Amino acid sequence: MKPHLLSWEETLFRDQDVFDLNYVPEQFDYRDEQTQALVFAIRPALRGGKILDTVCRGPPGTGKTTSVKKIFESLQETTQLIVPVHVNCRIDSSEYAVFTRIYTSLTKRSPPPSGTSVKQIIDMIAKYLEQEPVHPLVCLDDANYLIYENQFNKVLYPLLRMHEIFPDISFGLIVIISDPGIDLQNSLEVRVQSTFHPEIIQFPPYSAREIAGILNERIKQGLYPKVLSPELLDVIVDLVMKHGDVRLGLDLIKRSVLYAEKAARRAVTEEDVEKALTASRDMHLEMLISTLADDERLVLKTAAELFSEKTSPTTREIQDALPKNGPKLTRISEIFKRLDRLRLIDLEYSNQGGGRRRYVHLHEERDIILSLLSRLE
């Protein structure tokens, strides 16, 4: 009996956009507590008060951005008093880029001409807001990129102090930080610390049950029935738990279905998932490595070069192999901890052979890491 193959004009997707990383789902589960905390911080502006500044903290892929975007959608549908502005600091990672984004988002105008100073752009924002009785609410998404580039305080200070020059203007701030290793208080200058007292909202990693629920809901929305079996969904959930980012699961499902379509199959097979894993894992790895500072990439590259199938280097061996103009000892220790938190390496402590050593194991294949590092140079 001939298999019932997919014809060229047919698709297994109800809606492929459901699996895009920037998609905001209609149903958003498992973050009610965090969403309510954000609503509590924003609500005073609806009664003529000031929005409470908030910081959303948690690893990548834990629902921080989606929570904020859902609230922003609701604000745009229900009120004109609060004007939300979303700034992706992964893209807009400088003081000039952030204020240009705020200006264009608020005014709906073209960016200021080249050569316009940051101070001039801030004045243009202020003059616009003096004519508009609204509360601007700015979300600095992935603000850790501003911290990496030493731009964070330069952005916060004018936003926090604008009311001193323009009494009728008061910005609300939502700061999203996806790097658990950042010490926020130590990242703030004294002049910013005195006025920035945010509510901290924690976004813990999703459990396996929650990841399965999120992915299953997207499957119902985005795929036709029986395209992806419960057994293969369990395999994908296990892979997501290993890497700690639900976005990997969304990309893995989409790629697996595309492989099934390419083979004219009406359902995803284990082979499709295995093929998709390579591409999805590389995308996830490249995204992580792209967040690293130059000295962090140097340490990771040195660790990968010293790593072999038979032996893993110690932290001391990696330190000794770094160039003389490389990071100092205290900074190297911080880098190892961050690479471990990002699951790019695994640190293993050992007391064998006299003295306590830390061995560095790569979390992914050596050649893949070196290839991605080379591509990002």
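1. A pocket here is an open set of points on a 1 Å grid over the protein atoms alone, with protein on both sides within 12 Å along at least five of seven lines. By that definition, the largest pocket of this predicted model has a volume of about 850 Å³.

2. The lining of the largest pocket is made up of 43 residues. Those nearest its centre are Leu21, Gly61, Thr65, Thr66 and Arg247. Two or more lining residues come from each of helix 2 (64-78), strand 2 (82-88), helix 5, helix 9 (208-222), helix 11 (246-262) and helix 12 (270-290). Helix 9 contributes the most, with 5 residues.

3. What is the make-up of the lining of the largest pocket by class? The lining has 16 nonpolar, 14 polar and 13 charged residues.

4. The second largest pocket holds about 520 Å³ of space. Its lining has 21 residues, and Ile147, Tyr148, Ile182, Ser187 and Arg331 are the ones nearest the centre. By class, this lining divides into 5 nonpolar, 6 polar and 10 charged residues.

5. Which elements supply at least two residues each to the lining of the second largest pocket? They are helix 5, helix 6 (152-165), helix 7 (184-187) and helix 15 (329-341). Helix 15 has the largest share, 5 residues. Helix 5 also appears among the elements that give two or more residues to the lining of the largest pocket.

6. On aromatic contacts, the model has 2 aromatic pairs under the rule that ring centres lie within 6.5 Å. One of them joins tyrosine 145 and tyrosine 148: the ring centres are 5.6 Å apart and the planes stand at 70 degrees, so the pair is edge-to-face. The cut-off for that label is an angle over 60 degrees.

7. Both of these tyrosines belong to helix 5 (residues 144-148). They are 3 residues apart, which is about one turn of the helix. Tyrosine 148 is also one of the residues nearest the centre of the second largest pocket.

8. Is each partner of this pair buried or partly exposed? Tyrosine 145 has a relative accessible area of 9% and is therefore buried, the limit being under 20%. Tyrosine 148, at 26%, is partly exposed.

9. One contact between a charge and a ring can be added. The charged end of arginine 191 sits over the ring of tyrosine 157, at 4.1 Å from the ring centre.

Conventions: Residues numbered from 1 in each chain as written. Predicted model: local features only at pLDDT ≥ 70, side-chain atom pairs only at ≥ 80, totals over all residues. Heavy atoms only, no water. Phe/Tyr/Trp six-rings, centres within 6.5 Å; stacked < 30°, edge-to-face > 60°. Helix = DSSP H or I, 4+ residues; strand = E, 2+ residues; numbered from the N terminus. Buried < 20%, exposed > 50% of the residue type's maximum accessible area, 1.4 Å probe, protein only. Lys NZ or Arg CZ within 6 Å of the ring centre and 35° of its normal. 1 Å grid on protein atoms, 1.4 Å probe; cavity = no way out; pocket = protein on both sides within 12 Å on 5 of 7 lines; lining within 4 Å. Points joined across faces, edges and corners; volume = space filled by probe spheres on them. Nonpolar A, V, L, I, M, F, W, Y, C, P; charged D, E, K, R; others polar.
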